[in-house]
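Visitor: Could you take me through the overall fold of this one, and tell me which parts of the model I can lean on? I'd like a close look rather than a list.

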Amino acid sequence: TDMIEFIKKEIPNASILYIGDSDVDCETAINAKVDGLMVGWGSRSKEVLMSYGFDVIDSPYDLLKFLKK
């Protein structure tokens with residue numbers, strides 16, 4: 001989270017998107033108070049990641065669609 005704190009000083013929070021695939025990634029995004037997006041092809045199931053309240057994408061292509069929202 002030191003890296004996230006450094007980035008938050010340089011970039012407004014609204015511009016930060018933490019992308020991950022694990023419980024640790026979910027907790028990091030929550031603790032850093034930044035937006036998170038989880039990928040469903042990583043280490044945890046989609047259901048577990050969604051239980052943290054994050055959107056979960058199913059493919060790299062979905063990331064492009066998500067960012068265009």
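Guide: Here's a walk through the fold, then its surface and charges, and finally the confidence. Keep in mind that this is a predicted model. The protein is built from four helices and three strands, and if you trace the chain from its start you get the pattern α-β-α-β-α-β-α.

How does the overall size fit that? For 69 residues, a compact globule would come out with a radius of gyration near 11 Å, and the protein has 12 Å, so the two agree. Along the principal axes, the C-alpha atoms take up a box of roughly 30 × 25 × 15 Å. Now for the contacts: taking those between residues at least 6 apart in sequence, 25% link residues at least 24 apart.

On to the inside and outside. Of the 69 residues, 29% are buried. The protein exposes about 4,700 Å², with carbon and sulfur atoms supplying 55% of that area. As for charge, there are 8 positive side chains and 12 negative ones, and the centres of these two sets sit 5 Å apart.

So which parts can you lean on? The average pLDDT is 89, and 94% of the residues score at least 70. Strand 3 (residues 55–57) has the highest confidence, at a mean of 97. At the other end of the scale is helix 1 (residues 2–10), where confidence is lowest, with a mean of 79. As a rule of thumb, predicted coordinates shouldn't be read in detail where pLDDT is low.

Methods
Residues numbered from 1 in each chain as written. Predicted model: local features only at pLDDT ≥ 70, side-chain atom pairs only at ≥ 80, totals over all residues. Heavy atoms only, no water. Helix = DSSP H or I, 4+ residues; strand = E, 2+ residues; numbered from the N terminus. Rg over C-alpha atoms; globule rule 2.2 N^0.38 Å. Buried < 20%, exposed > 50% of the residue type's maximum accessible area, 1.4 Å probe, protein only. Contact = heavy atoms within 4.5 Å. Areas by Shrake-Rupley, 256 points an atom, 1.4 Å probe, with all protein chains shown as cover. Lys, Arg positive; Asp, Glu negative; His and termini not counted. Charge placed at Lys NZ, Arg CZ, Asp CG, Glu CD. pLDDT = per-residue confidence, 0-100.
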